[in-house]
Amino acid sequence: MASQSAKQVAPKLRYLSAWFCPYAHRATIALEHHAGRVSYEWVEALGWEQRKDENNITGTGKEWWYHWKADELTRSNPSGLVPTLIPLDEEGKPNEEKSVYESLITIDYIDALANADEKQRLVPSDPYLAAKCRYWADKVNRECCSPYYGVLVRKDEEERMENFNKLVSGLKAFSREIEKNGDGTTFLGGDCLSNTDISLMPWAFRYYIFEHYRGDEYAIPYDEPELAAYKVWFDNVFAIESVKRTLPDKVRYLEHIGKYADSSARSKVANAVRRGVSAHEIEDDKDTY
């Protein structure tokens, strides 16, 4: 009986996160999807602090905003980024030497720990479907998530619109793909959430901020026929109870992301986009702050 009980104990993680971060949001969705199969303790390990902008470089009269990072985060992740997952041993002690990071990798890791049945898996057991999901998770990361920061951080209007058009083009490609896969409720259909869905969802939820900070011409054109499948997908995945539990307050997030919209944010992602590369191309030695 004791051995059976031991087998039922869910793996436990120390989850270094930040409430506002869409990259961390990926891990949060995966953890909540597997609630009961994997347990975790949330640690707010990344935040913001103001520093003087004495020369008013931002042009807003506001202070610079820099990330502060918990010591635990800088010890556990060489880049000091969230999400970072640290396994806890049977006594609840963290093993920082086995920390796992990079948002798409954390989804796979959580899914492997959960050892769920096929319908609840985020990465299918079928090798072809697993490869397909990983390909599309990376594709939407590059085409639908990274351009989000180009719209916000770049100051040139032409560059902002270029990033927005790239993002919409990526959404249309995603929309065409989910039309092929079944009923369109999720990437693979049949209400089976996957790592591809979770790759996109945190940004899909946040696109509403474009109109506020960049104007009506930056609204996602949900009424275009090429995005019809995407709209069905959007309405379905954000109605899932385990997903709804993870969504940040829209008003609070809108205020937060203003730091990127007015160029006062100094983070690795913002710095990478500011120097002319995509958000997924950050380099620790070039984008530090």
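In the predicted model, strand β1 (residues 12-17) runs parallel to β2, and 6 bridges join the two. Within this pairing, Ser17 faces Glu44 of β2. Helix α2 packs on the sheet. The helix touches β1, β2 and β5 (84-87). Its direction lies at about 155° to that of β1.

The sheet itself is open and has 4 strands. Their order is β2-β1-β5-β6, and the pairing is mixed. Strands β2 (39-44) and β6 (100-101) form the edges. Each has a single partner strand, so one side of each is left without a neighbour in the sheet.

Two backbone features were found in loops next to strands of this sheet. The first concerns Pro83, in the loop between α3 (71-76) and β5. A cis peptide bond joins Val82 to Pro83, with omega at about 5°. The second concerns Glu102, in the loop between β6 and α4. Glu102 is not a glycine, yet its phi is positive, near 75°.

A further open sheet is built from 3 strands, in the order β3-β4-β7. Here too the pairing is mixed. Strands β3 (46-51) and β7 (265-266) stand at the edges. Each pairs with a single strand, so one side of each has no neighbour in the sheet. Strands β3 and β4 are antiparallel and share 6 bridges. Glu49 stands opposite Tyr66 of β4. Helix α11 packs on this sheet and touches β3, β4 and β7. The direction of α11 makes about 55° with that of β3.

Helix α11 also takes part in an aromatic contact. Across the whole structure, 25 aromatic pairs were found. One of them is formed by Tyr149 and Tyr260. The ring centres are 6.1 Å apart, and the planes make an angle of 55°. The pair is classed as tilted. Tyr149 belongs to helix α5, whereas Tyr260 belongs to helix α11. The two residues are 111 positions apart, and the pair links distant parts of the chain.

Attention then turned to the pockets. The largest pocket holds about 540 Å³ of space. Its lining comprises 32 residues. Closest to the centre are Tyr23, Leu81, Val82, Val269 and Ile282. Val82 is also the residue that precedes the cis bond to Pro83. Several elements give two or more residues each to the lining. These are α2 (22-33), β4 (64-69), α4 (103-114), α5 (127-153), α11 (250-261) and α12 (268-274). The largest share, 4 residues, comes from α11. By class, the lining has 19 nonpolar residues, 8 polar residues and 5 charged residues.

Taken together, several elements recur in these results. Helix α2 packs on the 4-stranded sheet and contributes to the lining of the largest pocket. Helix α11 packs on the sheet of β3, β4 and β7. Helix α11 also carries Tyr260 of the tilted pair and gives the largest share of the pocket lining. Helix α5, which holds Tyr149, likewise gives two or more residues to that lining.

How values were computed: Residues numbered from 1 in each chain as written. Predicted model: local features only at pLDDT ≥ 70, side-chain atom pairs only at ≥ 80, totals over all residues. Heavy atoms only, no water. 1 Å grid on protein atoms, 1.4 Å probe; cavity = no way out; pocket = protein on both sides within 12 Å on 5 of 7 lines; lining within 4 Å. Points joined across faces, edges and corners; volume = space filled by probe spheres on them. Nonpolar A, V, L, I, M, F, W, Y, C, P; charged D, E, K, R; others polar. Pairing = 2+ DSSP bridges. Contact = heavy atoms within 4.5 Å. Axes fitted to C-alpha atoms, helices over the stretch in contact; angles between N-to-C directions. Phe/Tyr/Trp six-rings, centres within 6.5 Å; stacked < 30°, edge-to-face > 60°.
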